[in-house]
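Please walk me through this protein model, starting with what counts as buried and then moving through its strands and its pocket.

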Amino acid sequence: MIYDKIVNYSRYNFPKLMEKACAHLFTLNEHTALGVTHLEGGIRASVDEYTTKLFSEGKPEAHRRYIDIQALLSGTEIIGWTPENSMQVSEPYKPDQDIEFYHPEQILKKDFLIPLQPGYFVVFFPWDIHMTQLCMETPEHVKKVVYKIPLDIWEA
């Protein structure tokens, strides 16, 4: 997991295509249209908006084939995170969606809560279990971009 200011993305030794996805963040803002943009190398950028949830409504998840880069364009949210790979699965892996869900009570007892706001980004690797879309204090409307980076870009 990586959590930092977007302006610092070039400090990381990301593969070239992953750097391009990070640079793409600078072209987005709270007025960016919703939808999916396909970038070079099979990278997808999905801009969406939603209302953040209470912790009791969260669902920890992990992926196997994609790395997530997530950044808020407006609003704030909390993300729960753990590298713990011994968490109990609540919904088995769905290959067509590249997602597996875990029992939420375990993530809250473990590691970190990340405050995400515009100007910051977070990178989740397949070994990072994360629970997104959580509210800071009360649910609020947010706009977010999630980049799906094929794992083979990282491994190349």
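A residue is called buried when its relative accessible area is under 20%, exposed when that value is over 50%, and partly exposed in between. The model discussed here is predicted, and the accessibilities below are computed from it.

The cysteines are a convenient place to apply the cut-off. Cys-22 has a relative accessibility of 1%, so this residue counts as buried. Cys-135, at 2%, is buried as well. A disulfide is a covalent bond between the sulfur atoms of two cysteines. The criterion applied here is a pair of cysteine sulfur atoms within 2.5 Å, and by this rule the model has zero disulfides.

The next topic is the sheet. Six strands make up an open sheet, and their order across it is β1-β10-β5-β12-β3-β2, with antiparallel pairing. The edge positions are taken by β1 (2-5) and β2 (35-39); each has a single partner strand, so one side of each is left without a neighbour in the sheet. From one strand to the next, the twist averages 20 degrees.

At one edge, β1 runs antiparallel to β10 (residues 120-124), and four bridges join the two strands. One residue pair can be used to locate this contact in the viewer: Lys-5 has Tyr-120 in β10 as its bridge partner. At the other edge, β2 contains Thr-37. The relative accessibility of Thr-37 is 38%, which means that this residue counts as partly exposed. Thr-37 and Glu-100 are 63 residues apart along the chain, and their C-alpha atoms are separated by 24 Å.

Another antiparallel pairing joins β6 (residues 77-82) to β11 over four bridges. Within this pairing, Trp-81 stands opposite His-130 of β11. Five of the six residues of β11 are buried, so this strand is largely enclosed by the rest of the structure. Gln-133 also belongs to β11. At 24% relative accessibility, Gln-133 falls in the partly exposed class because the value lies between the limits of 20% and 50%.

The backbone of Gln-133 also deserves a look. Most residues other than glycine have a negative phi. Gln-133 has a positive phi, near 65 degrees, and is a residue other than glycine. Asp-98 likewise has a positive phi, about 50 degrees, although it is not a glycine. Asp-98 sits in the loop between β7 (89-94) and β8. With a relative accessibility of 2%, Asp-98 counts as buried.

Which residues lie nearest the centre of the largest pocket? They are Glu-61, Asp-68, Gln-133, Val-146 and Lys-148, out of a lining of 24 residues. Two or more lining residues come from each of β3 (43-51), β5 (66-74), β8 (99-102), β11 (129-134) and β12 (141-150). The largest share, five residues, is given by β3. The volume of this pocket is about 500 Å³. By class, its lining holds ten charged, seven polar and seven nonpolar residues.

Some of these elements have appeared already. The strands β5, β12 and β3 are members of the six-stranded open sheet, and they also contribute to the pocket lining. The strand β11, paired with β6, is another contributor to that lining. Gln-133 therefore links several parts of this account: this residue is in β11, has a positive phi, counts as partly exposed and is among those nearest the pocket centre.

Terms used:
Residues are numbered from 1 along each chain as its sequence is written. This is a predicted model: local features need pLDDT of at least 70, side-chain atom pairs count only at pLDDT 80 or more; totals for chains, interfaces and linings use all residues. Side-chain values use heavy atoms; hydrogens and water are left out. On a 1 Å grid over the protein atoms alone, a cavity is a set of points where a 1.4 Å probe fits but cannot get out, and a pocket is an open set with protein on both sides within 12 Å along at least five of seven lines; lining residues have an atom within 4 Å of a point. Grid points are joined across faces, edges and corners, and a volume is the space filled by probe spheres set on the points. Ala, Val, Leu, Ile, Met, Phe, Trp, Tyr, Cys and Pro count as nonpolar, Asp, Glu, Lys and Arg as charged, and the others, Gly among them, as polar. Two strands pair if DSSP finds at least two bridges between them. Axes are lines fitted to C-alpha atoms, for helices over the stretch in contact, and angles run from 0 to 180 degrees between N-to-C directions. Buried means under 20% relative accessible area, exposed over 50%, partly exposed in between (1.4 Å probe, protein chains only).
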